[in-house]
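Dear colleague,

I am passing on the structure we spoke about, with the sequence alongside. Please open both before reading on, since the notes below go through them region by region.

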Amino acid sequence: MLNAILTKIFGSKNEREIKKLKPIVERINALEREFEKKSREELQSLTAKWKEELAKLEDDKKKFEYMDKILPEAFAAVREAAKRTLGMRHYDVQLIGGIVLHQGKIAEMKTGEGKTLVATLPVYLNALAGKGVHVVTVNDYLAKRDAEWMGPVYNYLGLTVGYLQNQMEKEERKEMYSRDITYGTNSEFGFDYLRDNMAFTKDEKVQRELFYAIVDEADSILIDEARTPLIISGPAEENVDIYYIADAIVRQLRKDEHFEVDEKTKTAVLTDAGIRKVEEIVSQMTGIKDFNLYDPKFSDLLHAIIQSLRAHHLFKRDIDYVVKDGKVIIVDEFTGRLMPGRRWSDGLHQAVEAKEGVKIEAENQTLATITLQNYFRLYKKLAGMTGTAETEAAELKEIYGLDVVVIPTNKPVIRVDHPDLIFKTKKAKFNAVVKEIEKNYRVGRPVLVGTGSIEDSEYLSRLLKRKGIPHQVLNAKHHEREAEIVAQAGRLHAVTIATNMAGRGTDILLGGNPEFLTKKELEKKRITPEKVGEEEYQRIYKETLEKFKKITEEERKKVVELGGLYVIGTERHESRRIDNQLRGRAGRQGDPGESRFFLSLEDNLLRLFGSDRVKRMMEMMNIPEDEPITHKMVTKALENAQKRVEQQNFQIRKRLLEYDEVYNVQRKVIYEQRNKILEGEDFKEDIIGFMENVAWEMVDSFAPENLLPDEWNLKELKKTLESRFGFDFPIPETYEELMNLSVEGAHDDREKLVKLIYNRLVEEYEKMEELLGKGQMREVERMIMLQTLDHFWRQHLRALDHIKESI
């Protein structure tokens with residue numbers, strides 16, 4: 001109560017933050033007239049002047065302070081460039097968003113508030129430091145689209161811009177990183193960092209230092225995707241046939257009798273009866289009597305059987321993965337996108353491949369790994385934009401040290417969010433969804449339907465086809481066309497079915513998107529600049545665009561009269577944020593809109609997290625299958641379920657980060673060492689130091705201090721040294737010979753041996769240096785040191801993997 005009273009008097013913390021920024025916005029606005037008069041050359045000369053001033057400052061802290069000082073002018077320059085090149089002017093709330101991003105915070109901005117344009121302000125300002133700015137997007141399509149869309153603003157002001165794509169070659173990547181601004185996905189940036197730290201020469205590295213990054217859809221990248229670490233793998237020497245054997249065994253086991261599964265934790269265990277059954281099957285297959293599954297030598301088979309049980313009973317085709325071109329491709333549970341190249345670890349992927357009867361790829365060994373959390377914490381300054389982050393503010397602060405600032409909308413949100421409707425069964429739920437779609441389709445109102453899986457989207461599509469309702473399906477199988485589909489989801493009579501809408505990145509304009517329609521029309525007529533010439537193409541483009549602007553404006557008026565876009569959710573996601581993102585597709589920029597979720601007691605969330613009481617209540621009240629209920633108890637049960645899953649997922653991410661912290665300390669040391677070697681430091685003194693260590697190790701092995709000198713194996717010491725190094729060593733074969741030997745600088749017999757070995761190694765080393773020349777010798781040393789460091793680092797990672805799996 002006291003908090004509420006104080007908030008009313010002083011405003012919330014967020015309101016106070018926004019209030020502090022308003023004087024800066026007023027200063028930017030005051031400069032608008034002055035900057036309108038400046039020519040392009042004058043604006044570019046300002047860029048050059050600021051870059052020059054920042055280059056003089058060596059300390060990053062001083063650079064950031066200088067940027068704070070020039071912020072109003074820099075933002076005024078970007079606003080002017082955007083007006084001239086894109087015909088877009090930054091609103092005051094967008095300027096506030098830009099300041100928040102420059103301060104290294106998360107700006108929460110509702111869908112349709114122009115996050116892509118907002119980013120141009122801090123990106124330009126921080127790119128002036130000359131160290132490169134990274135804009136992180138959720139997919140390759142958006143990286144390319146945003147770089148090309150906003151590129152004219154940066155180019156107008158004299159900066160260069162580039163973007164990364166999955167298939168780019170190393171040289172092209174290096175070129176993209178050398179530009180002032182680089183757009184790309186978190187995977188591209190993260191994997192390039194790991195690959196750079198596996199490079200054998202400086203020229204092989206593509207990234208510069210990690211200076212400033214803005215993460216678009218920050219909640220999706222920094223939170224949802226943070227459950228999966230980035231891993232570069234190489235094939236491990238293992239026999240994959242064991243997964244075929246495990247698959248054949250698992251197909252003969254019965255659920256509950258032979259094994260139990262836990263869908264919440266995605267684990268499977270054999271029962272006592274199951275263990276006996278497996279041992280019986282293996283005995284028949286191999287002829288081994290009294291086969292013991294828990295004998296350590298059969299641990300690989302036991303492991304493969306457990307993974308096969310998980311593959312068969314916890315991982316479902318067209319929900320968790322799809323099979324395409326004879327390969328098992330993972331489906332991202334948050335975005336519904338395919339993730340080619342990604343593989344489940346610990347043999348799970350091989351088990352799924354065996355289940356689906358496709359070729360089993362060899363299990364991989366970790367060569368390099370980093371979590372997204374630790375990768376993004378490498379940047380000197382990090383910021384993010386999203387439509388929904390407030391619910392995860394505590395995690396963003398705890399893990400990344402990022403504050404969340406909610407930016408006011410340019411126009412008030414007038415969307416109506418209706419209470420959920422809950423049905424007994426999935427069938428009843430989907431029938432009700434189809435009725436609702438049909439009712440709205442008949443009057444022409446656009447409908448966007450969000451589904452929980454590819455399977456559901458295809459099932460709903462079949463139901464709509466039976467009703468003769470034209471519609472578009474947007475899921476991981478059709479992501480090439482997704483931007484075009486989403487762009488037109490606000491047209492009259494448009495019905496769009498989409499798996500999880502998180503990170504789709506394209507606005508739904510009521511009445512349709514004239515730019516997309518124009519491009520489509522010109523593609524259809526095969527009109528290109530190459531065919532008709534640039535000037536003629538621009539004339540046709542403008543003419544066609546004007547035509548579609550009139551069409552879409554007319555349609556917009558009709559759609560607004562019908563109540564705007566209607567968003568239907570067919571399942572609650574584990575995260576409330578994802579549900580809010582779906583809702584946020586309607587009601588952008590003050591448009592009208594509605595949203596409603598249709599649920600059933602058979603939905604995963606309610607089924608796994610306690611819908612028994614709700615089910616009993618529906619049965620007691622004798623509610624028919626096709627009649628929904630809206631009850632506070634159900635809503636409460638749903639909210640509690642989502643909070644429990646969110647907490648569970650947070651613990652998974654936290655645990656992953658804790659594991660990676662162990663790697664992280666070691667990774668920093670190893671990567672620093674690698675960089676020193678790559679930078680071409682002279683390691684001659686170190687190598688000579690290694691020789692003394694090797695000499696002592698050999699003496700400790702064959703002439704240990706705890707043995708009497710008569711027991712030393714000097715013959716074996718000489719033989720081992722000559723076998724290992726390929727040249728002779730002046731080691732006496734008996735202790736008597738050693739006693740009578742005089743070696744300069746040695747104080748006892750063991751030291752004599754060390755000196756003899758050390759001196760001989762140095763002698764051969766000097767000969768080799770003379771033969772190769774100093775430059776070539778340093779190059780050989782560098783290669784050998786890198787290979788040795790990498791070999792032991794990989795062995796260490798493998799050992800850590802095994803420790804992690806056994807916990």
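To begin with a single residue, Asp146 is buried, because its relative accessible area is 3% and the limit for buried is under 20%. Please keep in mind throughout that this is a predicted model. Asp146 has its place in helix α8, which covers residues 140-156, and, leaving aside residues up to four places away in sequence, Asp146 touches Thr116, Thr137, Gly151, Tyr183 and Asp216.

Several of the elements in that region belong to a sheet. This is an open sheet of 7 strands with parallel pairing, and the strands follow the order β3-β4-β2-β5-β13-β1-β14. The edges are taken by β3 and by β14 (404-406), each of which has a single partner strand, so that one side of each is left without a neighbour in the sheet. From one strand to the next the twist averages 20 degrees. At the β3 edge, β3 and β4 run parallel and are joined by 3 bridges, and Val161 stands opposite Ile181 in β4. Helix α7 (residues 115-127) lies across β2, β4, β5 (212-216) and β13 (381-386), and α7 runs at about 175 degrees to β5.

Which residues of helix α9 (residues 170-178) are buried? They are Arg173, Met176 and Tyr177, and they lie on the same side of α9 because they cover an arc of only 95 degrees around the axis. This fits the general pattern that an α-helix has 3.6 residues a turn, so residues three or four places apart point the same way. The buried residues of α9 pack against the strands β2 (133-137), β3 (161-163) and β4 (181-185), and also against helix α10 (186-196).

A second sheet, also open, is made of 3 strands in the order β9-β10-β11, and here the pairing is antiparallel. Its edge strands are β9 (321-324) and β11 (338-339), each of which pairs on one side only. Between β9 and β10 (residues 327-331) the antiparallel pairing extends over 4 bridges, and Lys324 has Lys327 in β10 as its bridge partner. Helix α15 (residues 348-356) lies across β9 and β10, running at about 125 degrees to β10.

Turning to the aromatic side chains, the structure holds 16 aromatic pairs. In one of them, Phe727 and Phe729, the ring centres are 5.1 Å apart and the planes stand at 25 degrees, so the pair is stacked; Phe729 itself counts as buried, at 1% relative accessibility. Elsewhere, Tyr193, Tyr375, Phe376, Tyr379 and Tyr671 form one aromatic cluster. There are also charged ends that sit over rings: that of Lys547 sits over the ring of Phe548, 4.8 Å from its centre, and that of Arg674 sits over the ring of Phe200, 6.0 Å from its centre.

Finally, where is Gly773 found? Gly773 is in the loop between α31 (749-772) and α32 (774-806), and with a relative accessible area of 24% Gly773 is partly exposed. Gly773 and Thr425 are separated by 348 residues in sequence and, from C-alpha to C-alpha, by 79 Å in space.

With best wishes

Notes. Residues numbered from 1 in each chain as written. Predicted model: local features only at pLDDT ≥ 70, side-chain atom pairs only at ≥ 80, totals over all residues. Heavy atoms only, no water. Pairing = 2+ DSSP bridges. Helix = DSSP H or I, 4+ residues; strand = E, 2+ residues; numbered from the N terminus. Contact = heavy atoms within 4.5 Å. Axes fitted to C-alpha atoms, helices over the stretch in contact; angles between N-to-C directions. Buried < 20%, exposed > 50% of the residue type's maximum accessible area, 1.4 Å probe, protein only. Arc of directions from axis to C-beta. Phe/Tyr/Trp six-rings, centres within 6.5 Å; stacked < 30°, edge-to-face > 60°. Lys NZ or Arg CZ within 6 Å of the ring centre and 35° of its normal.
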